[in-house]
Amino acid sequence: MSYVYCSQCGFQNPEAANFCARCGAPLPRDQPTDATMAFTLGDDDAAAALEEIPVKGPTLVVRSGGGREGEAFEPKPDRTLIGRSPECDIFLDDVTVSRRHAIVRRAGAALEIEDLGSLNGTYVNRKRIESPGRLADGNELQIGKYRLTFFA
């Protein structure tokens, strides 16, 4: 078995890991990995891709993970629970996702995401969140092995 060492804390992680099991830092990669597609204003491909999203308004779109690429979820009016439990509003079926992993809540006119004490953490733009964080258009969320993009 091969290992990858964390550049932040030196912890020995399995080669397949993307984040350090001890400190949560992204692990270095020698080969390209799945990355979130970036769109720039005026990009015709971006406009075409956004037209395919089945809902209008705030939306979370799965970019990679679990063979669910392209699935879109519209947050509920008050709160949206994300996790591995089938009772969650956004059900992400993988052992890297906690049963009740994170919650998206309304905060006035904006939306916030909060980690619910998950083992692997919740990341916004590759930074682990420790307290509720406001979501902005284009934010990348990582929940377990799933990467989602938030569109306002």
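Begin at the second largest pocket, which holds about 340 Å³ of space in what is a predicted model. To find the pocket in the viewer, select Asn18, Phe19, Thr96, Asn120 and Gly144, the residues that lie nearest its centre among the 18 that line it. If you then colour the lining of this second largest pocket by class, you will find eight nonpolar, seven polar and three charged residues. Rolling a probe the size of a water molecule over the atoms shows where empty space is left.

Next, switch to a cartoon view and select residues 102–107, which form strand S7 and run antiparallel to strand S5, residues 79–83, with four bridges joining the two. On this side, show arginine 79 as sticks, and you will see that it stands opposite arginine 105 in S7.

Keep S7 selected and add residues 110–115, strand S8, which is also antiparallel to S7 and is joined to it by six bridges. Here alanine 107 stands opposite alanine 110 in S8, and the two strands form a hairpin with two residues between them. Which residue in the turn has a positive phi? Glycine 108 does, with a value of about 70°.

Finally, zoom out to the whole protein, where one helix and 13 strands can be picked out, and where the helix comes after two strands, as the pattern β-β-α-β-β-β-β-β-β-β-β-β-β-β records. Of the 152 residues, 39% count as buried, while a surface view displays about 9,100 Å² of exposed area, 49% of it supplied by carbon and sulfur atoms. Among contacts with a separation of 6 or more, 32% are between residues 24 or more positions apart.

Methods. Residues numbered from 1 in each chain as written. Predicted model: local features only at pLDDT ≥ 70, side-chain atom pairs only at ≥ 80, totals over all residues. Heavy atoms only, no water. Buried < 20%, exposed > 50% of the residue type's maximum accessible area, 1.4 Å probe, protein only. Contact = heavy atoms within 4.5 Å. Areas by Shrake-Rupley, 256 points an atom, 1.4 Å probe, with all protein chains shown as cover. 1 Å grid on protein atoms, 1.4 Å probe; cavity = no way out; pocket = protein on both sides within 12 Å on 5 of 7 lines; lining within 4 Å. Points joined across faces, edges and corners; volume = space filled by probe spheres on them. Nonpolar A, V, L, I, M, F, W, Y, C, P; charged D, E, K, R; others polar. Pairing = 2+ DSSP bridges.
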